[in-house]
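Q: I've got this model open and want a close look at how one part of it packs. Can you walk me through it slowly?

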Amino acid sequence: LADAALNDTDGAVKLKAFETIRKLAIQDTAEAMIQNQNFVAALKDALSSTSEDDSDKMPENFASGTLMVLKRSITPEMQGYEALKELLESINQTGEPAGQDELDECCAVETAAV
């Protein structure tokens, strides 16, 4: 699935792959997902793309939703925490490292919203 999201040249296949990944991203699967290098590469690729189409069905929107699940689900004591931190740093537009404060702030806001 991650290979299709990362490498498939057919936009419809890529879209379905990201949609499926988003649906599979839950607290119980988050740590396994973040430890898959192709999955992380696919998220980086989608989140750094600059599409001019504002459609809700774009791969980057599904990737963004998946990232939000990962941020809520992966805690510092989990094995996948460093991989999540590296992913956030790589897509951070300011180029500054994503520290614990950024992760805590994200999780506090999302927890309050739930």
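What follows is one request about the helix packing and one connected answer.

Q: Take helix α4 (residues 37–47) as the part to look at. Which residues of α4 and α6 make the contact between them, and which residues do α2 and α4 use where they meet?

A: Sure, but keep in mind that this is a predicted model. For a bit of setting, the protein chain has 114 residues, and 33% of them are buried. Its secondary structure comes to seven helices and zero strands, so to read the fold you just follow α-α-α-α-α-α-α from the N terminus on. If you take the contacts between residues at least 6 apart in sequence, 55% join residues at least 24 apart. As for the outside, the accessible surface is about 6900 Å², and carbon and sulfur atoms account for 48% of that.

Now to α4 and its partner α6. The axes of these two helices come within 10 Å and cross at roughly 25°, which makes α4 roughly parallel to α6, as the angle is under the 35 degrees used as the cut-off. The crossing itself is right-handed. On the α4 side you'll find Val40, Leu43, Lys44 and Leu47, and they meet Leu87, Ser90 and Ile91 of α6. Sort those residues by class and you get five nonpolar, one polar and one charged.

Next, swing over to helix α2 (residues 11–24), which packs on α4 at an angle of about 115° with the axes 12 Å apart. These two are therefore roughly perpendicular to each other, and α2 passes α4 in a left-handed crossing. Here α2 brings Lys14, Phe18 and Ile21, while α4 answers with Phe39, Ala42, Leu43, Asp45 and Ala46. By class that contact has six nonpolar, no polar and two charged residues. Notice Leu43: this residue of α4 is part of the contact with α6, and it is also part of the contact with α2.

Phe18 deserves a stop of its own. This residue lies in helix α2 and has a relative accessible area of 3%, so it counts as buried, the cut-off being under 20%. What does Phe18 touch, leaving out residues up to four places away in sequence? The list is Ala5, Ala42, Leu43, Ala46, Pro59, Phe62 and Ala63. Ala42, Leu43 and Ala46 are among the α4 residues in the contact with α2. Pro59, Phe62 and Ala63 take you on to helix α5, which covers residues 59–73. You can also check Phe18 against Gly65: they are 47 residues apart in sequence, with 9.9 Å from C-alpha to C-alpha.

That leads to α5 and how it sits on α6 (residues 81–91): their axes come within 11 Å and cross at roughly 135°. That makes α5 oblique to α6, and the crossing is left-handed. Leu67, Leu70 and Lys71 in α5 meet Leu84, Leu87, Leu88 and Ile91 in α6. The class count for this contact is six nonpolar, no polar and one charged. Leu87 and Ile91 of α6 are worth picking out on your screen, as they take part in the contact with α5 and also in the one with α4.

Technical notes. Residues are numbered from 1 along each chain as its sequence is written. This is a predicted model: local features need pLDDT of at least 70, side-chain atom pairs count only at pLDDT 80 or more; totals for chains, interfaces and linings use all residues. Side-chain values use heavy atoms; hydrogens and water are left out. Helices (H or I, at least four residues) and strands (E, at least two) are DSSP runs, numbered from the N terminus. Buried means under 20% relative accessible area, exposed over 50%, partly exposed in between (1.4 Å probe, protein chains only). Contact means heavy atoms within 4.5 Å. Accessible areas come from the Shrake-Rupley method with a 1.4 Å probe; for residues, only the protein chains shown count as cover. Axes are lines fitted to C-alpha atoms, for helices over the stretch in contact, and angles run from 0 to 180 degrees between N-to-C directions. Angles under 35 degrees count as roughly parallel, over 145 as roughly antiparallel, 65 to 115 as roughly perpendicular and the rest as oblique. A crossing is left-handed if the near helix is turned anticlockwise from the far one by less than a right angle, and right-handed if clockwise. Ala, Val, Leu, Ile, Met, Phe, Trp, Tyr, Cys and Pro count as nonpolar, Asp, Glu, Lys and Arg as charged, and the others, Gly among them, as polar.
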